[in-house]
Amino acid sequence: MVVVVMDISIVNVALPAMRRDLHASVTGLQWTVDAYTLVLASFLLLAGSTADRVGRRRIFQVGLAIFGLGSLLCSLAPSIGWLIAARALQAVGGTMLNPVAMAIVATTFPDRAERARAIGVFSAISGLSLGLGPILGGALVDGFGWRSIFWVNVPIVIVAIVCTALFVPESRATRARRFDPVGQSLVILVLSSVVYAIIESSSLGWTSPVILGLLAVAVLGVLGILGYEPRRVDPLLELRLFRSVPFTSAILIAVFALCGFGAFLFVTTLYLQDVRGMSALAAGLCLLPVGVLIVVLAPLTGRLIGTRRPRLPLVVSGAALALGGCASIWLNPDTPLPAVLAIYLLFGIAQGTVNPPITNSAVSGMPASMTGVATSLASAGRHTGITLGVAISGTIVGSASARGGMAFTSAEHGVWWLVLGLGLGTLVLGLLSTGRWAMDSARRAAELFEEVDRGADLRTAPAPAGRR
C-alpha cells in the first residue's frame, strides 16, 4: 500500500525535473499524474469484484507484479508520452491492490469496533505514504534523478509478493458477482471524457467542438449507466448502494476531500519549486508536517469512530480543508515560510481525519457479499477526486506556472477558492450523513441486500432429492 499510494504524491515533487528533462508542457505533467489516478478510478470496481470472485490474495499478487513492471517501464521512459503510457500500466496493477487490501482488512475484522481501529491503521499507512512521497521523492530526485522514484518500487514489490504468499490468507465472497463489460466500458467512457475535456480545455477552449463533444459523450455515458446497470443481476456499479445516505455521502465526501487534496499537492509542489526556488528535497520537507499529521490523526480517528460516530471527524476535516483553502488565497512569493507551513498543517488535519470515516461509512452495515464492491466504490471516489483535482488545478494555473512569481500566485487563487468550496461541501455532507434518518436509510439498504442474497442462495441451492 505504501508504494501504490506514494506514487500519487511522489510524482508531484518530481514534476519540475520531468518537465526540464523531457521538455514537457503543463498538460503533459497533468497527464503524468492523471493517467495513474484515472486508470485507478476506472478499474477499481472491476478489480474489487474480480477479487471477490477469483480470490483476494491471488489478485493482490497479480497486481503487485503488474505494478512492478509498470514502475520499471516508467524509469526507462524516453519521452513524456512513453512515461504517461507506463504510468497507465502501473495503475492497472494498482487497481488490484487498494480495494483488495481494504476488503482483506474488512473481512478479517468483522467486529465493528475492531474494524474501525483496523481501518484507522490502514488509513494511517495510506497517509504515511502520501506524506513520505514528497520527502522521499525530493531526496531521490536531488540525489539520483527523477527516474529513481520509479525503480525504487521494484525491490519493494518483490518483497511484498513473497510476504503476501506467506502471511495473507486467501478469501472470497460467499456469492461471486458476474463480469459486467458494458458497465465497465461506460464508467471508463464517462471518467476519461470528463478528465480529457478538463485538461485539454486550456488549449482548445471550452467552446471547442472537441470539448463539447467529450462532455456530451460523458452525459450520454451517465444516462447509459442509469438505464443499464439497474437491469443487471450483478451490476458493476451497484446503484442500490446509493439508497444509503451515509454511503452516498461517503462517496461524495471522498470526491470532494481528495479533489481538494489533489489540487493542493499539484499546485503546492509547483509553487515551492518554481515560485520560491526550492530544491525538490526542500519542497518535500515542507510537506512533512502534512504527512506527520495524517499518520498521527488517522488511527486516532479510527478509534474515535469505533467508540462514537463519524460526525466529529467529518466536520473537523471539512472545516480544516475550507480554512486551508481560504488561508492559501493570501500566499505569495514572499510569504514567510513559517506561515506557509502553518497553512499546510490545515491540509494535514483535513486529510488525517477524513479517510477513516469514508471507509467506515462505506462498509458499515453492509453484508459480507457487498464488502468488495463498497470498498471499491469508496476507493474509486478517492481516486476520482484526486484525478479531478489535478486536472482542474492544472487547467486553472496553466501556463502561469512556467512564468512563476506573481503570475502563478494570481492564477492559483482560483484553485484555492475551489478548495474552500470543497471543504464547505465536505462539512455539510458530514452533518447530513450522520443524523438518525441517514442511519435508518443505511439500515434499510443493508436489509435490501440481505434479502437479495437470500434469494440468490435459494435459487442456487440444490433441490431436495425427492424433487429432482
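This is a guided tour of one predicted protein model, with selections to make in order.

**The whole chain**

Start with everything shown as a cartoon. The protein has 20 helices and zero strands. Of its 468 residues, 58% count as buried. Now think about which parts of the chain meet. Among contacts with a separation of 6 or more, 84% are between residues 24 or more positions apart. Then switch on the surface. About 18,000 Å² is exposed, and carbon and sulfur atoms supply 70% of that area.

**The salt bridge**

Select D274 and R19. A search of the whole structure finds one salt bridge, and these two residues form it, with their closest N and O atoms 2.5 Å apart. The pair links distant parts of the chain: D274 belongs to helix α11 (residues 245–275), R19 belongs to helix α1 (residues 2–22), and these positions lie 255 residues apart in the numbering. Is each partner buried or exposed, or something in between? D274 is partly exposed, with a relative accessible area of 25%. R19 has 16% and is buried, because buried means under 20%.

**The nonpolar core**

Select M18, L83, W146, I149 and F264. The largest nonpolar core has 113 residues, and these five touch the most other members. Colour helix α11 as well, since it gives the most to this core, with 18 residues. Keep M18 and show what surrounds it. Leaving aside residues up to four places away in sequence, M18 touches V11, H23, L29, T32, L83, W146, I149 and F150.

**Aromatic pairs**

Next, show the aromatic side chains. The count comes to seven aromatic pairs. Select W31 and Y196. Their ring centres are 5.8 Å apart and their planes stand at 45 degrees, so the pair is tilted. W31 sits in helix α2 (residues 26–54) and Y196 in helix α9, 165 residues apart. W31 is buried at 13% relative accessible area, whereas Y196 is partly exposed at 35%.

Move to F264 and Y344. Here the centres are 5.3 Å apart and the planes are at 75 degrees, so the pair is edge-to-face. This pair also links distant parts of the chain, with F264 in helix α11 and Y344 in helix α15 (residues 337–352), 80 residues apart. F264 is buried, with a relative accessible area of 0%, and Y344 is buried at 1%. Add F261, F347 and W416 to the selection: together with F264 and Y344 they form one aromatic cluster.

**Two buried residues in helices**

Select Q184 in helix α9 (residues 181–204). At 4% relative accessibility, Q184 counts as buried. What does Q184 touch, not counting residues up to four places away in sequence? The residues are S42, F43, L46 and L236.

Then select A374, in helix α17 (residues 371–397). A374 is buried, at 0% relative accessibility. Draw a distance from its C-alpha atom to that of S49: the two are 325 residues apart along the chain, and the separation is 9.8 Å.

**A nonpolar surface patch**

Finish on the surface with L281, L285, L288, V292, V296 and L300, which make a nonpolar patch of about 460 Å². Helices α12 (280–286) and α13 (288–307) each give two or more residues to the patch. The largest share, four residues, comes from α13. One residue to pick out is L288, in helix α13, which counts as partly exposed at 38% relative accessibility.

How values were computed: Residues are numbered from 1 along each chain as its sequence is written. Side-chain values use heavy atoms; hydrogens and water are left out. A salt bridge is a side-chain nitrogen of Lys or Arg within 4 Å of a carboxyl oxygen of Asp or Glu. Buried means under 20% relative accessible area, exposed over 50%, partly exposed in between (1.4 Å probe, protein chains only). A nonpolar core is a set of buried Ala, Val, Leu, Ile, Met, Phe, Trp, Tyr and Cys residues joined through side-chain atoms within 4.5 Å. Contact means heavy atoms within 4.5 Å. Patches are made of residues with over 30% relative accessible area and no salt bridge: like charges are joined within 9 Å, nonpolar side chains (Val, Leu, Ile, Met, Phe, Trp, Tyr) within 5 Å. Accessible areas come from the Shrake-Rupley method with a 1.4 Å probe; for residues, only the protein chains shown count as cover. Rings of Phe, Tyr and Trp (its six-membered ring) pair if their centres lie within 6.5 Å; planes under 30 degrees apart count as stacked, over 60 as edge-to-face and the rest as tilted.
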